[in-house]
Every structure is written in C-alpha cells, then in structure tokens.
Protein chains: 2
Amino acid sequence: MSSNDTARPVGIKQVAAHAGVSPGTVSNVLNRPERVADGTRERVERAIVELGFVRNGSASTLRAGHSSTIGLMVLDLANPFFTEVARGVEDVASERGYAVILASSGESDEREQRNLRVLAEQRVRGVLLTPVGDEGENADRLRDRDVPVVLLDHPTPRANQCSVAVDDVAGGELAAAELLAGGARTIAFVTGPPGLRQCADRRKGALRALKAAGLGRDALREVPVAAMNARAGQEAAARLLDGPPPDAVFCANDLLALGVLRVLLQAGMRVPEDVALIGYDDIDFSAAAAVPLSSVRQPTYRLGRIATELLLEECDDAGGHAHQQVMFQPELVVRESSRRAPGSAR
Amino acid sequence: MSSNDTARPVGIKQVAAHAGVSPGTVSNVLNRPERVADGTRERVERAIVELGFVRNGSASTLRAGHSSTIGLMVLDLANPFFTEVARGVEDVASERGYAVILASSGESDEREQRNLRVLAEQRVRGVLLTPVGDEGENADRLRDRDVPVVLLDHPTPRANQCSVAVDDVAGGELAAAELLAGGARTIAFVTGPPGLRQCADRRKGALRALKAAGLGRDALREVPVAAMNARAGQEAAARLLDGPPPDAVFCANDLLALGVLRVLLQAGMRVPEDVALIGYDDIDFSAAAAVPLSSVRQPTYRLGRIATELLLEECDDAGGHAHQQVMFQPELVVRESSRRAPGSAR
DNA sequence: ATCGGGGCTTGACACGTTTTAATCGATGTC
DNA sequence: GACATCGATTAAAACGTGTCAAGCCCCGAT
C-alpha cells in the first residue's frame with residue numbers, strides 16, 4: 001500500500017535534508033536552476049521525485065505577493081462561444097507556465113462581484129474579464145489592488161486598460177442587412193438584458209441597417225429575454241407567435257436562434273420562406289441545425305489568445321507595457337436560414 | 001482618481017490598527033464572529049470596508065493546510081454534457097462556501113496529470129475527477145496526500161473512494177436496441193479512444209443488444225475517432241461513406257452524432273430512412289438538429305450536485321464519512337433520427 | 001604564500017494569517 | 001473583601017517558501 005497513516009507533509013526542508021543541502025538551495029533549484037551546480041541540482045531533483053514533493057503554492061504566493069495563476073471570468077460557460085475563448089486562453093497560459101482559474105458570472109453582477117472577490121483572495125496574477133455591466137467598476141476595484149485586468153469581448157474607451165473585442169455594431173448591421181436583402185421589412189430582435197453591451201451594440205447595428213434601407217425604428221420589434229440560451233429562445237418564439245409574425249428574426253446569439261428555430265418549425269412555419277432567421281457567434285452547432293443557421297462569425301479562439309498575451313505582457317512587465325484596445329471585425333456567414341428562395345421575396 | 005501609487009498592502013494588521021484592536025481579534029471577526037463582542041465586531045467590520053480589506057487566501061491556506069476551494073477536472077469543457085455537470089458542481093459548492101477551480105484534461109492523460117499537479121500545489125480541499133485512464137493512478141497520488149477525490153462519471157469497484165456515474169453499458173444497450181428495433185441489421189459505432197471507459201462501456205452495451213437480437217459481433221462496425229467532438233464526427237462520416245453504408249450509426253456522444261448527421265445529409269442520404277442515427281448525452285442542441293436526434297439522456301446536473309455533496313461531506317468530516325458508489329440509470333430519448341418510417345423496415 | 005575574486009551555498013528573516021495559551025476586567029459567590 | 005469564574009481580548013508562535021546578504025571554497029594572479 002502506498003498510503004501513509006502518519007500525515008507527512010513533505011516540504012522544501014525534507015527535500016533539503018534528504019539531499020544533504022540547505023532549504024535555500026532547494027528553492028534555487030526550483031526557481032533559478034542556472035545558479036546551482038549541476039551535481040547538486042541533480043541530487044536535489046532526485047530527492048524531489050523520491051519524496052514526491054509538491055511545492056506549496058500558498059507559501060510561494062504568500063512570499064512572492066502573487067501567484068502564477070490568472071483568472072478568466074466569462075458570462076456563461078454553457079455558451080460555446082466562451083468555451084472556445086477559454087480554449088485560446090488556456091493554450092497561451094499553459095505555454096507560458098500559468099494556470100487558469102475559470103469562473104462564470106452567469107450574467108449576474110452579484111455573481112461577478114463574488115467570483116472576482118474569490119480571485120482577489122487567491123491573489124491571481126491578473127484577470128480576463130467579460131464584464132456584465134458596462135462601466136466595469138468591478139474591474140477598477142481590482143486594478144486598484146494592482147491586479148492587471150484585460151477586458152474580454154468588451155471594448156473600452158479608457159486608456160488605462162487593455163481590451164480585446166469584436167465590433168458588435170458592425171456585426172449587428174451585417175446581420176440585419178442580410179435579412180433586409182432577403183426582402184424582410186419587419187424584423188424581430190430577440191435580445192438579452194439591455195444592460196449587456198453585446199446586445200445593445202448589436203441592436204444599434206441593426207437600427208443602422210434599417211435606416212440605411214430607409215426604414216424606421218418601428219420596423220424593429222424587440223423581444224427581450226432573461227437569459228441568452230436556447231430555452232429563452234423558445235420562450236421568445238412562443239411570444240413572437242402570439243401576434244402577427246415578422247418577416248425575419250435576428251437573435252442576439254446562436255443559442256437563442258436555435259431555440260427560436262425549433263419553435264418556429266414546430267409551429268409549422270417554414271424557414272426562411274415564412275420567416276427568415278439569423279443568429280450571432282457562429283457556434284459549431286449552427287451549421288448542423290434543422291435549417292442551417294446564418295450567423296455572424298467572430299474570431300473566437302484568437303480573442304482568447306490575444307487577450308491572454310496582452311494580460312501576461314502586462315503582468316511580466318508592468319512598467320514597459322502600453323495598454324492596447326484591440327478591435328476585430330466580424331464576418332457574415334450566410335447559410336439557409338436567411339436567404340429566401342429566389343422569387344419568393346416580396 | 002482612486003488608484004494609489006504607493007503599493008499599500010492592506011492586511012489584517014492595518015485593519016486592526018484602524019479599528020484599535022489586535023490582529024487576533026480581526027481574525028476572530030472573520031472566522032468566529034460569535035466570539036467577539038458586538039461593539040468590537042462592528043468597529044472591525046467598518047474598518048474592513050473602509051480600508052477595502054481582502055483576506056489573503058494564500059496566508060489562510062498556508063496556515064490552515066488547505067484552502068476552501070475544490071478542483072473540478074472534466075474531459076472536455078466544450079462538451080455541453082460537462083458544462084451542465086459543472087453547473088451542478090458550482091451550485092452546491094457556492095451554497096457551501098467553496099470556490100471551484102475548473103480544469104479540463106482534453107482527454108489527454110498528460111494534461112490531466114499536469115492540471116492535477118497544479119490543483120495539488122494550490123492545496124485544494126478536494127477534487128472531482130473524470131479520469132482519462134481507467135485505473136486512476138493519478139487519483140491515488142492525490143489521495144496519498146490526503147486530498148479527497150470523488151470520481152465523476154466514472155464508476156469504481158474500489159471501496160476506498162466515492163464515485164458517481166451513469167450506467168453506460170445499459171445506455172449503450174438502450175441505444176443499440178433502439179436501432180435494432182428500427183430494423184437495422186448492421187450498425188456502425190463511432191467511438192473515441194478505446195481507453196475511454198465511457199466509450200468502452202457503451203460499446204459493450206451495444207454488443208449485448210446485438211447478441212440479444214441474435215446477431216454476432218461482426219454486425220457492429222467500429223469507426224474510431226481521435227476526439228469526441230463534431231469535427232471528428234464529420235471525419236468519421238466521411239470514412240463511413242467510403243464503403244457500403246451501414247443500416248444505422250450509433251455515436252458515442254451527441255457531438256459526434258451531430259457531425260455525422262451533417263455529412264450524411266450533405267451526401268444526400270435520408271435520416272432515418274437510409275441510415276438511422278442515435279447519439280448519447282442528449283445535449284440541448286440534439287433536439288434542434290436538422291433531424292432531431294435520438295439519444296440517451298443522463299441526469300447530468302444531478303451528477304454534478306451529488307458528486308459535490310459527497311466530496312464536501314468527505315472534506316468536512318473525513319472520519320465519519322463512508323465512501324459510496326452511486327450509479328444512475330440512463331434513459332432513452334427517441335426522436336426522429338432513429339425511427340424508420342413505418343413500412344420502410346427491411 | 002597571499003590576496004582577490006568568482007561560483008555555490010547557506011542562514012535567517014519576512015510574507016499575512018490562524019490559533020493557542022495567557023491576560024485582563026468584571027461579575028458573582030462565599 | 002478575597003477568590004473563583006467567565007467572557008473578551010491579546011501576544012506570540014507557527015505554517016512553507018523566496019530572497020538577499022554573507023560565507024565558504026577553490027583557483028588564478030601577483
């Protein structure tokens with residue numbers, strides 16, 4: 001049996017004793033191996049594996065003042081958009097020897113605040129944050145503690161922080177323009193809480209497209225939902241079918257669109273012939289939907305990678321770091337849910 | 001401006017000074033508020049908010065020997081099955097005042113090992129683990145360090161640990177039996193690495209169903225794939241279409257099935273008329289697929305909840321804790337992708 | 001032979017919190 | 001009025017690591 005009844009906390013001291021050196025040397029082997037002679041280092045390394053030593057991160061962090069861990073807080077872990085972002089983050093972080101603590105605010109400001117507090121207690125080196133609110137006071141609180149914060153999927157006009165985002169106004173315009181090009185004159189916009197910047201911006205873009213097409217704001221019927229998932233989409237569609245159906249539906253993300261699509265088809269409507277539909281994010285599942293979903297694609301994985309690179313740059317070299325605001329452009333992906341069959345346009 | 005140039009680490013001492021008490025009292029306010037007089041407590045609490053004090057988790061952990069954090073390691077964060085499990089975990093953990101560190105092994109043993117090491121360094125209180133390998137040596141290493149481990153979505157015959165799982169053999173049997181009932185005589189099984197217990201068990205169940213139907217093992221054509229996602233499913237389907245198509249396809253999870261479905265339809269095959277299809281996990285998207293996907297449903301959220309409850313019970317009361325092996329039964333969900341139109345059965 | 005210097009190693013302290021035992025003051029008892 | 005009791009508070013000692021100044025040893029230069 002390998003288990004041991006007597007709790008035997010094996011620390012740097014035990015390793016030192018076992019290798020016949022001082023604790024300081026073991027610490028050097030761990031942190032600045034080049035400073036220690038080859039023979040000694042090998043001896044220490046052998047002792048480490050023989051005793052199964054695992055460095056106590058709390059002690060390191062306590063002494064160093066910060067850990068080699070970054071926090072990633074997203075709006076919704078169940079959204080493939082964010083898991084793809086997380087993949088980019090994880091890849092860069094692990095390349096650079098950082099661990100990632102993943103957390104989700106569930107679009108709740110209170111949960112965001114609570115989770116950020118946990119991250120602050122853990123003394124993470126930095127934080128990638130997709131803020132729920134627009135102002136990012138929570139981010140400010142962290143920065144006051146000298147914890148670098150990079151805003152993720154959220155632009156900022158302020159020069160005191162980095163941000164990486166995709167132009168959601170442009171994306172909303174692309175989406176609505178596509179629907180209008182298909183012949184739609186009235187569009188329903190299924191959208192999450194208006195406090196969410198992503199939703200607000202996409203709406204703004206849609207209005208811009210309407211205006212360009214010579215239509216007024218009243219051509220856009222807003223259908224607010226409480227969450228940004230498929231279930232909420234279904235509920236929205238049900239409400240939508242209460243009144244006269246619009247020509248087209250623009251959903252603030254693909255999860256909503258998939259839910260809407262499902263209810264529309266169940267209700268016997270044809271997509272796109274009766275109602276055109278477009279989503280946002282271009283998640284994997286969209287292409288495999290009952291009617292392949294048109295959508296707006298974002299450089300998701302790169303979003304995560306670049307945000308992490310900016311954050312780590314700021315962590316490793318707080319002095320020489322110049323804050324950057326990166327903005328990507330989205331891309332329209334037309335599939336079957338938005339294009340009306342030729343000739344069926346009004 | 002709220003930022004402060006001079007780094008001013010505000011610790012328990014500063015709070016104590018500001019409130020006119022000793023550091024020990026501040027600690028008591030934080031950890032055993034009932035032991036301190038009302039007046040004093042209020043004074044300290046005021047000082048805490050005034051100074052914006054945030055407890056240093058590293059120091060607590062160092063002193064206590066463990067943190068109030070648990071680790072959750074899943075196979076694939078991009079799989080909705082696991083994000084749903086994670087939701088259950090998060091809910092219970094936060095109810096009980098624990099934070100969750102989320103990590104993903106990506107089905108790689110090496111990444112599992114590396115991530116578990118990070119968790120060990122962080123001195124997490126316990127770990128929920130969906131192991132990549134079958135034996136769980138990595139779990140043993142943790143348990144040797146007195147870190148409780150609960151196996152998640154993985155049964156164990158060993159009595160020295162808790163586990164929470166769903167009967168995948170039964171699930172595989174349900175799935176294959178459904179396909180056979182639809183008239184299929186040959187079934188392709190699209191499956192991930194055979195080292196993955198989930199895949200192996202589902203295969204075993206499928207074989208059992210074949211046997212019950214009087215068919216031999218050769219009625220099951222295995223199509224191995226490298227990963228368990230939609231892309232891999234597409235590749236598998238492409239290979240599948242090289243030879244004579246089987247009557248039906250059983251995919252080891254829904255992501256694979258969605259990928260397969262997409263390619264089948266693109267190739268002009270009708271589902272289920274030409275080829276029947278069934279997946280596993282019953283993720284949200286399956287119901288909204290081009291052809292609504294039959295699948296095998298698991299009590300995903302409860303899986304996460306119960307595993308976490310077991311883990312925290314073991315953490316809080318290591319002595320009086322009796323290890324349990326919980327096994328849920330899966331449930332067949334029949335939609336359109338598996339049932340042949342009446343009369344089209346051979 | 002002495003000195004200087006460079007490469008390795010060591011010793012000791014500090015990080016911020018928790019905890020234990022001791023202290024203090026007040027209240028109640030004999 | 002002395003003493004025990006009890007509650008509230010404090011002082012001090014850990015926890016395991018990183019760091020830094022100081023020490024050691026050996027070698028080459030003078």
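The following paragraphs describe a predicted model of protein chains A and B with DNA strands C and D.

Because the model is predicted, local features are reported only at pLDDT of at least 70 and side-chain atom pairs only at pLDDT 80 or more, while totals for chains, interfaces and linings use all residues. Residues are numbered from 1 along each chain as its sequence is written, chains are lettered from A and ligands numbered from 1 in the order in which they are written, and side-chain values use heavy atoms, with hydrogens and water left out. A word on confidence helps before the details: pLDDT is the predictor's confidence in each residue, from 0 to 100. Chain A has a mean pLDDT of 93, with 96% of its residues at 70 or more. Residues 1-5 of chain A stay under 50, and the model gives this stretch 2 contacts beyond four places in sequence (a contact means heavy atoms within 4.5 Å).

We can turn to the DNA, beginning with strand C. A residue is counted as near a strand if one of its heavy atoms lies within 4 Å of it. There are 22 residues around DNA strand C, of which A:Ser22, A:Thr25, A:Thr40, B:Ile12 and B:Arg63 come nearest. Of the strand C atoms that come within 4 Å of the protein, 70% belong to sugar and phosphate. The bases take part as well: a polar side-chain atom of B:Arg63 is 2.4 Å from a base oxygen of DNA strand C. Such polar contacts are pairs of N or O atoms within 3.5 Å; within protein, one atom must be able to donate a hydrogen and the other to accept it, and residues adjacent in sequence count only if both atoms are side-chain atoms. On the phosphate side, a polar backbone atom of A:Ser22 lies 3.0 Å from a phosphate oxygen of strand C, and a side-chain N or O atom of B:Arg32 lies 3.5 Å from one.

DNA strand D is likewise surrounded by 22 residues, the closest being A:Ile12, A:Arg63, B:Ser22, B:Thr25 and B:Thr40. Sugar and phosphate make up 69% of the strand D atoms within 4 Å of the protein. Phosphate oxygens of strand D lie 2.6 Å from a polar side-chain atom of B:Thr25, 3.0 Å from a polar backbone atom of B:Ala37 and 3.4 Å from a backbone N or O atom of A:Asn56. Helices α2 (23-31) and α4 (57-64) of chain A and of chain B each supply at least two residues of the surface near strand D. Helices (H or I, at least four residues) and strands (E, at least two) are DSSP runs, numbered from the N terminus. This surface has 8 nonpolar, 10 polar and 4 charged residues, where Ala, Val, Leu, Ile, Met, Phe, Trp, Tyr, Cys and Pro count as nonpolar, Asp, Glu, Lys and Arg as charged, and the others, Gly among them, as polar.

Elsewhere in chain A, an open sheet of 4 strands runs in the order β7-β6-β8-β9 with parallel pairing (two strands pair if DSSP finds at least two bridges between them). Its edge strands are β7 (220-224) and β9 (276-278). Strand β6 (residues 187-191) is joined to β7 of chain A by 5 bridges, and A:Ile187 has A:Leu220 as its bridge partner there.

Finally, some backbone details deserve a look. Most residues other than glycine have a negative phi, and most peptide bonds are trans. The bond from A:Val271 to A:Pro272 is cis, with omega near 10°, and A:Pro272 lies in the loop between α11 (254-266) and β9 of chain A.
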